[in-house]
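Here are some short exercises to work through with the model open in your viewer. Try each task before you read its solution.

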Amino acid sequence: MAAPDDHELPARPRRYGRGVFLATVVAGASSLAWGKPVWSRISGQIGGAEALVPLVPTGGWRIYTVASTMPTFDPTSWKLTIGGLVERPMTLDYDELRALPRVNQISDFHCVTGWTVNNVHWGGVRLADLLHRVGPTAEAHGIQFVSAEQPYVDSLTLKQAMLRDVLLAYEMDGVPLAREHGAPLRLIIPEMYGYKNIKWVSEINLVPKAEPGYWEQLGYDQDAWVGASNGYGQKEVRS
């Protein structure tokens, strides 16, 4: 069987539940592929569909992508645009982003497929602080995050985005984000599963309401609260 990188994206979306997430990855998305010797050694130690998803060799991470290649990052040309229903649209280059007030945070990262990486050290900018700078209008009740990894988009409600531990992270464990972890910028919302923690963020838009994102259109819960969504526990309703 070929590694996931050998598969093309499906012609049209299909709906999947949490129980067949990895089958979705095989049928319609790709994963970070390491060399064949590493792939063979790792896949021989895990069973079922999960053997089709390579692990990053350190730290317990598994890397999922929805495009055939991961976006690249050039610090001399990269821009983050923040617009939509805001009073003061903003465009930041990489140096301007890093010059904003920085916060450090330690939190666990949970994937909806069942694995967790504990005590991840993130460095970045609080999303709430950035939102205060641009000034959402009265009509803005949702935030759309656009990834450089097309066609990945996702969204939060404005209330969710204002949670104290929601970050736009540019460092992980003391170093700038690696390409596979979303360099140069990714969303971190520890209370939600990883598919809401969008990588390679390039654009943020304030919108009238939060709309279903990439994985929600394939059957996942829009409010991805850890332990209270996607078949885990009782579904939690928080706007």
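**Exercise 1.** Is tyrosine 214 buried or exposed, judging by its relative accessibility?

*Solution.* Keep in mind that this is a predicted model. Start with the value: tyrosine 214 has 15% relative accessibility. Next comes the cut-off, since buried means under 20% relative accessible area. The value falls under that limit, so tyrosine 214 counts as buried.

**Exercise 2.** Find the ring that pairs with tyrosine 214, and classify the pair.

*Solution.* The partner is tyrosine 152, with 5.5 Å from centre to centre. The planes make 15° with each other. Planes under 30 degrees apart count as stacked, so tyrosine 152 and tyrosine 214 are a stacked pair. Now place the two in the chain: tyrosine 152 sits in the loop between S7 and S8, while tyrosine 214 belongs to the segment after S12. They are 62 residues apart, and the pair thus links distant parts of the chain. Tyrosine 152 is buried too, at 8% relative accessibility.

**Exercise 3.** Classify the pair made by tyrosine 195 and tyrosine 220.

*Solution.* First, the ring centres lie 5.2 Å apart. Second, the planes stand at 65°. An angle over 60 degrees counts as edge-to-face, so that is the label for tyrosine 195 and tyrosine 220. Tyrosine 195 is in the loop between strand S11 (186-188) and S12, and tyrosine 220 is in the segment after S12, 25 residues along the chain from its partner. Both count as buried: tyrosine 195 has a relative accessible area of 6%, and tyrosine 220 has 5% relative accessibility.

To finish this part, bring the rings together: Tyr152, Tyr195, Tyr214 and Tyr220 join Trp215 in one aromatic cluster. A search of the whole structure gives twelve aromatic pairs.

**Exercise 4.** Work out the order of the strands in the open five-stranded sheet, and say which helix packs on it.

*Solution.* Reading across the sheet, the order is S4-S3-S12-S7-S8, with mixed pairing. At the edges are strand S4 (90-93) and strand S8 (153-157), each pairing on one side only. From one strand to the next, the twist averages 15°. Now look at one neighbouring pair: S7 (residues 142-147) and S8 run antiparallel and are joined by five bridges. Within this pair, glycine 142 is opposite threonine 157 of S8. Finally, the helix that packs on the sheet is H4 (residues 127-134), which touches S3 (79-84), S4, S7 and S12 (201-207). The direction of H4 makes about 130° with that of S4.

Note on methods: Residues are numbered from 1 along each chain as its sequence is written. This is a predicted model: local features need pLDDT of at least 70, side-chain atom pairs count only at pLDDT 80 or more; totals for chains, interfaces and linings use all residues. Side-chain values use heavy atoms; hydrogens and water are left out. Two strands pair if DSSP finds at least two bridges between them. Helices (H or I, at least four residues) and strands (E, at least two) are DSSP runs, numbered from the N terminus. Axes are lines fitted to C-alpha atoms, for helices over the stretch in contact, and angles run from 0 to 180 degrees between N-to-C directions. Contact means heavy atoms within 4.5 Å. Rings of Phe, Tyr and Trp (its six-membered ring) pair if their centres lie within 6.5 Å; planes under 30 degrees apart count as stacked, over 60 as edge-to-face and the rest as tilted. Buried means under 20% relative accessible area, exposed over 50%, partly exposed in between (1.4 Å probe, protein chains only).
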